[in-house]
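Q: I'd like a close look at one aromatic ring and what surrounds it. Could you start there and then work outwards through the rest of the chain?

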Amino acid sequence: MSNFKSNTVILGEVPERVTIKANFQVISNKEIVRVVPSCGCTPAKFNKKSLEISYRTGDVPVHLQHYGKSSISKFADVFFSDGTKERVYLQATLIRNENK
């Protein structure tokens, strides 16, 4: 059973050069004690019962520009007071800005 209502937030299509955020609420009786994001580009803010991870979107890479879209998938490992760990995900599709 998950400690969160959902461990994945899918944001759909997002433009380049914006900050996207995903919020997670703990629904179990456990408390968050530590969060380790997948990389430094995905900062996390948390308290005992909630977590927010964010990501600043960049430009669509040149090799993908003819498609105009690029997938984003970021995660963070969440450690709880009872010693357990769960992974949460932020997912989106980056859309190329046409007027660069």
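Which residue lies over the face of Phe75, and at how many Å from the ring centre?

A: Happy to take you through it. This is a predicted model, in which local features need pLDDT of at least 70 and side-chain atom pairs count only at pLDDT 80 or more, while totals for chains, interfaces and linings use all residues. Residues are numbered from 1 along each chain as its sequence is written, and side-chain values use heavy atoms, with hydrogens and water left out.

The residue you are after is Arg87, which lies over the face of Phe75 at 3.8 Å from the ring centre. A charge sits over a ring if NZ of Lys or CZ of Arg is within 6 Å of the ring centre and within 35 degrees of the ring normal. Phe75 itself is partly exposed, because its relative accessibility is 25%; buried means under 20% relative accessible area, exposed over 50%, and partly exposed in between (1.4 Å probe, protein chains only). A second charge of this kind belongs to Arg34, whose charged end sits over the ring of Phe79, 4.1 Å from its centre.

Next, the pairing of rings. The structure holds 3 aromatic pairs, where rings of Phe, Tyr and Trp (its six-membered ring) pair if their centres lie within 6.5 Å, with planes under 30 degrees apart counted as stacked, over 60 as edge-to-face and the rest as tilted. One of the pairs is Phe4 with Phe80, a tilted arrangement with 5.9 Å centre to centre and 55° between the planes. This pair links distant parts of the chain, 76 residues apart: Phe4 is in the segment before β1 (8-15), and Phe80 is in strand β6 (residues 69-80). Strands here are DSSP runs (E, at least two residues), as helices are (H or I, at least four), numbered from the N terminus. Phe4 counts as buried because its relative accessibility is 1%, and Phe80 is buried too, with a relative accessible area of 2%.

Phe75 also has an aromatic partner: it forms a tilted pair with Tyr89, at 6.3 Å centre to centre and 55° between the planes. Because Phe75 lies in strand β6 and Tyr89 in strand β7 (residues 85-95), this pair ties together parts that are 14 residues apart in sequence. Tyr89 counts as partly exposed, at 26% relative accessibility. Elsewhere, Phe4, Phe24 and Phe80 form one aromatic cluster.

Phe24 leads us to the interior. The largest nonpolar core has 20 residues, and those with the most contacts inside it are Phe24, Leu51 and Val78. Such a core is a set of buried Ala, Val, Leu, Ile, Met, Phe, Trp, Tyr and Cys residues joined through side-chain atoms within 4.5 Å. At least two of its residues come from each of β1, β2, β3, β5 (50-56), β6 and β7. Leaving out residues up to four places away in sequence, Val78 touches several residues, including Phe4, Ile32, Leu51 and Val88; contact means heavy atoms within 4.5 Å. Arg34, already met above Phe79, is also among the residues that Val78 touches.

At the level of the whole chain, there are 0 helices and 7 strands. Buried residues make up 36% of the 100 residues. Of the contacts between residues at least 6 apart in sequence, 61% join residues at least 24 apart.

Two loops deserve a look as well. Ser28 is found in the loop between β2 (19-25) and β3 (32-37), and it is buried, with a relative accessible area of 16%. Its side chain joins that of Asn3 through a polar contact of 2.9 Å, that is, a pair of N or O atoms within 3.5 Å; within protein, one must be able to donate a hydrogen and the other to accept it, and residues adjacent in sequence count only if both atoms are side-chain atoms. Arg17 lies in the loop between β1 and β2 and has a positive phi of about 60° although it is not a glycine. At 37% relative accessible area, Arg17 is partly exposed.

Finally, a disulfide (a pair of cysteine sulfur atoms within 2.5 Å) joins Cys39 to Cys41, with S to S at 2.5 Å. Cys39 counts as partly exposed at 30% relative accessibility, and Cys41 is likewise partly exposed at 35%.
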